[in-house]
Amino acid sequence: MKANRIYNFNAGPAALPLSVLEEIRDSFINFKGSGMSIVEVSHRSKWFDDVINDALIRTKRLLNLDEKFHVLFIQGGASMQFCMIPMNFLQDEKSADYVNTGTWSTKAIKEAEIQGKKIQVVASSEDKNFSYIPKNIQFNKDAVYAHITSNNTIKGTQWASVPDTNGVPLVADMSSDIMSKPVDMNKFGLIYAGAQKNIGPAGVCMAIIRDDMLSLVPDFLPSMLKYSTFASKNSMYNTPPCFAIYTIQLVMKWLEETIGGLAKMEEINRGKAKILYDLLDTSGFYKGTAKQDSRSMMNITFRLPNEDLEKKFIQEALENGFGGLKGHRSVGGCRASIYNPTTIEALEALTNFMKNFEQKNG
Ligand SMILES: *Cc1c(COP(=O)(O)O)cnc(C)c1O
């Protein structure tokens, strides 16, 4: 533990790299010699232009994006995307496919239905409490897009590979696993992610959209709800969330310069997840809740023999400097969110604590 910081396993807002926080601290009063804080400079200034442009360049480089893709910063979180997606792409009775793999997919589906848009839920894992990712899904060839949630933050599952959609562009909610591993973006028409899980603070959602999807956006929508507005104005049609974008810039720099890119990040993340899953798989005390072939590298959900022990575990963990291990209030149990900034050392410390706790209570 450094600087009195705990091991932070929060699901979101979540841990950020310490070096990023230190750089923010150092530039918070006088940003780049401007004599102003980053939260005081104009979004139309050269200082902020440099921030947003560097964030965009680094994002494109990390994900290997060509000119077909536009990186946008939109407010309203991932939840706003749930409504913008059907609003922007489903006109004139056109239809989209959705796969329901948990709480967030369910919410995405609801927002399309509220608007009276035509959608089809082509697969769901609700029959087994969303503990797995469906396989062999038949997507409709005439769907405008196919929506998936790439990582299910609450249920602890993740798509191990991208499904074959019959050529239909994938739209993915990557809130909790964006930048955790390389992705083949050519299969995606749009990806989006609330920043506060894996790439920054709350207050902004990163959306990456392909040209052909942009061309579907109708003129009649309100400006602030159109992807085309954000694409044509470099996400600065209105005042953008400057501080959140600045933090993303620093996280992208950390990914490139300290970690060494997304392939390296994936290797580290796999190593981290293995430390905890190995413990869950060999313990008769802790039990993982997700099916093995659907397990998440980012959010590891598990149970103890009973709820009293879970309460005690979470409490004692907190007293020993491990925060955020309580499962989502809708499912109970325990969850360790181990996003990019979480270190191997944190996983080793956690599993040591867990082994001790089992010895005393098992
Ligand atoms: C947290 C989360 C959301 C909601 O994000 P907001 O930014 O709070 O709207 C949506 N989808 C997934 C997968 C999430 O983890």
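Helix H4 lies across strands S3 (95–100), S4, S5 (146–149) and S8, and its direction runs at about 155° to that of S3. The model described here is predicted, and its seven-stranded open sheet follows the order S2-S10-S9-S8-S5-S3-S4, with mixed pairing.

**The sheet**
- The edges of the sheet are formed by strand S2 (69–74) and strand S4 (118–124), each of which pairs on one side only.
- From one strand to the next, the twist averages 20°.
- Strand S8 (residues 170–173) and strand S9 (residues 188–194) run parallel and are joined by four bridges, and within this pair Leu170 has Phe188 of S9 as its bridge partner.
- Helix H2 (residues 46–63) also packs on the sheet, where it touches S2 and strand S10 (205–210), and its direction makes about 130° with that of S2.

**Packing of H3 with H4**
- Helix H3 (residues 77–89) packs with helix H4 (residues 103–114) at an angle of about 45°, the axes being 8 Å apart, which makes H3 oblique to H4.
- The crossing in which H3 passes H4 is right-handed.
- On the H3 side the contact is made by Phe82, Cys83 and Pro86, and on the H4 side by Trp104, Lys107, Ala108, Glu111 and Ala112; these residues divide into six nonpolar, no polar and two charged.

**Gln249 in helix H7**
- Gln249 belongs to helix H7 (residues 242–259) and, with a relative accessible area of 11%, is buried, because that value falls under 20%.
- When residues up to four places away in sequence are not counted, Gln249 touches Val51, Asp54, Ala55 and Arg58.

Terms used
Residues are numbered from 1 along each chain as its sequence is written. This is a predicted model: local features need pLDDT of at least 70, side-chain atom pairs count only at pLDDT 80 or more; totals for chains, interfaces and linings use all residues. Side-chain values use heavy atoms; hydrogens and water are left out. Axes are lines fitted to C-alpha atoms, for helices over the stretch in contact, and angles run from 0 to 180 degrees between N-to-C directions. Helices (H or I, at least four residues) and strands (E, at least two) are DSSP runs, numbered from the N terminus. Angles under 35 degrees count as roughly parallel, over 145 as roughly antiparallel, 65 to 115 as roughly perpendicular and the rest as oblique. A crossing is left-handed if the near helix is turned anticlockwise from the far one by less than a right angle, and right-handed if clockwise. Contact means heavy atoms within 4.5 Å. Ala, Val, Leu, Ile, Met, Phe, Trp, Tyr, Cys and Pro count as nonpolar, Asp, Glu, Lys and Arg as charged, and the others, Gly among them, as polar. Buried means under 20% relative accessible area, exposed over 50%, partly exposed in between (1.4 Å probe, protein chains only). Two strands pair if DSSP finds at least two bridges between them.
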